[in-house]
Amino acid sequence: MLGFRRPMPVAKYGVLIAVAGLLCVIVLRAVPERKTSRPHPTIVMVLADDLSQSVYDATPGLDTIAASGVRFTTITSTPLCGPTRAAILTGKYPHNSGIQSNKRSNVAVWNARHLGNTVPDWLRAAGYFTIGAGKFVSGIKPRFGIHGFDEWIEVEHDKRTGLTPGGTYWVDELIQRTKAAIRAAPADRPVFVHFSPATPHGPFVPAPRYAGSAATLRLPRGPSFLEEDLSDKEDRVRTRDHVDEAQIATITARWQMQVEQTRSLVDAISAIDEVLVETNREQDRYLLFSSDNGFNAGEHGIPSGKGLPYLESLEVPSFALGPDVAVGTRLKSLIVSHDFAATIAELAGVDTPSIDGVSIAPLLRGARPAWRRRVYVSFHSARRDVPTWEGVRTRSRSAVVWYPSLWTEGYGPNDPYELDSHCKGRPFARCIPTLSSRLDALRSCAGNDCWRVETER
Ligand SMILES: [Ca+2]
Ligand SMILES: [Ca+2]
């Protein structure tokens with residue numbers, strides 16, 4: 001999870017052959033709304049796994065697609081696979097979804113609280129044919145017909161090679177089977193696709209045609225890369241092993257392989273759009289793209305992993321395209337992972353039960369309603385060797401308190417890279433008094449009450 005002391009092993013490059021085939025780039029653009037015989041639009045959500053902003057920026061084609069719509073940053077209220085995936089599907093903060101880690105006990109929580117009450121369930125009840133592909137909520141294995149998906153697609157593969165028993169790269173197989181499921185969907189039913197391979201998650205195995213294609217890219221070294229003075233940071237960040245040259249080489253190779261892996265997400269978007277054209281479902285299709293968490297690559301001296309209260313873990317690149325979505329704009333609004341549930345529901349024209357998130361559809365269409373001023377972020381550790389923390393983020397400030405040390409960090413508008421906490425060891429209520437009461441209120445908020453606390457002045 002957190003790579004404080006033991007960096008992940010670097011997979012050796014195989015034969016560095018980049019095959020130029022399959023680079024079928026579709027020009028994605030917003031198209032005028034046209035009537036179809038179906039009452040609801042096509043909705044596709046592509047959810048990356050551990051995709052950082054820096055890997056996104058280095059992946060050819062991804063931002064080209066995003067340029068046809070609205071780009072934004074999503075804050076993952078808990079920067080870990082399971083909690084964010086659950087947040088997207090339920091519309092709830094992890095403290096209300098009950099999915100706060102990747103534990104196997106998630107199954108019992110899920111079955112007790114969410115079975116039959118998630119995004120695909122809501123859409124299916126309105127007539128959608130729902131297709132899920134790849135990774136569900138960590139710790140939970142959905143089976144056919146449950147968890148709201150008419151079709152659930154998983155691909156068995158060798159984790160070391162990325163290949164299926166038939167020798168196909170597993171994401172390519174996932175794409176092919178998703179296309180087949182879309183083709184097989186009843187023509188009179190709208191489709192919802194939740195496409196989520198564990199990409200670019202470890203073990204960092206790209207498609208063979210992309211292996212080595214990013215090997216000459218330089219690892220970005222932003223202001224927080226190997227942060228020199230860590231005296232403002234909590235013990236477990238401050239006392240990590242020094243990152244030496246060999247580790248930088250490891251970090252670089254892993255980051256390059258994440259870029260290579262992420263190319264498959266570009267292929268997936270193009271392939272899904274192709275079959276939507278083929279099946280006459282593209283004219284009213286919305287595409288939403290995000291990740292379940294970010295990933296560290298040397299920032300603050302942390303060689304790898306996620307789960308940290310810093311922007312590299314917490315904030316993920318996102319975009320949306322659609323028939324009435326603005327083209328070429330970038331949102332600065334505070335958007336949280338659990339907003340996707342309300343957003344998908346509004347785009348689909350279906351109601352939701354009481355949830356914590358709000359629809360960003362008006363923002364995507366160009367409206368600028370009064371919006372939230374802060375969000376709650378937290379990480380509930382399931383392991384003794386990684387920390388628990390919680391905090392509040394605004395557009396220009398971030399604050400976190402770690403447990404059990406109660407070490408507090410606060411970063412203001414002049415410190416966007418979170419390099420010099422102004423708390424200097426003072427407790428949260430004294431260092432960041434304006435956010436302290438907000439933290440108390442957000443920690444237990446639910447439903448509309450979350451929005452009230454998030455927006456109040
Ligand atoms: Ca993840
Ligand atoms: Ca510092």
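Visitor: In this predicted model, is the crossing in which H7 passes H9 left-handed or right-handed?
Guide: The two helices concerned are H7, residues 170–184, and H9, residues 245–278. Where H7 passes H9, the crossing is right-handed.

Visitor: Are H7 and H9 roughly parallel or roughly antiparallel to each other?
Guide: The axes of H7 and H9 lie 10 Å apart, and the helices pack at an angle of about 20°. Angles under 35 degrees count as roughly parallel, and H7 and H9 are therefore roughly parallel.

Visitor: Which residues in H9 are met by residues in H7?
Guide: The H7 side of this packing is formed by Val-171, Ile-175, Thr-178, Lys-179, Ile-182 and Arg-183. Their counterparts in H9 are Ser-264, Asp-267, Ala-268, Ala-271, Ile-272, Val-275 and Leu-276.

Visitor: Which helix gives the largest share of the largest nonpolar core?
Guide: That core has 113 residues, and Ala-268 is listed with Met-45, Val-46, Val-193, Leu-287, Ala-320 and Ile-344 as having the most contacts inside it. The largest share of the core, 10 residues, comes from helix H9.

Visitor: Which residues does Met-45 touch, not counting those up to four places away in sequence?
Guide: Met-45 is among the residues with the most contacts inside the largest nonpolar core. With neighbours up to four places away in sequence set aside, Met-45 touches Val-193, His-194, Phe-195, Leu-288, Phe-340 and Ile-344.

Visitor: What is the radius of gyration of the protein chain?
Guide: The chain, with 15 helices and 13 strands, is as compact as a globular protein of that length, because the globule rule gives 23 Å for 457 residues and the chain comes close to this. Its radius of gyration is 21 Å.

How values were computed
Residues numbered from 1 in each chain as written. Chains lettered and ligands numbered in written order. Predicted model: local features only at pLDDT ≥ 70, side-chain atom pairs only at ≥ 80, totals over all residues. Helix = DSSP H or I, 4+ residues; strand = E, 2+ residues; numbered from the N terminus. Rg over C-alpha atoms; globule rule 2.2 N^0.38 Å. Core = buried A, V, L, I, M, F, W, Y, C linked by C-beta atoms within 7 Å. Buried ≥ 20, exposed ≤ 12 C-beta atoms within 10 Å, placed from the backbone. Contact = placed C-beta atoms within 7 Å. Axes fitted to C-alpha atoms, helices over the stretch in contact; angles between N-to-C directions. Parallel < 35°, antiparallel > 145°, perpendicular 65-115°, else oblique. Left-handed = near helix turned anticlockwise from the far one by under 90°.
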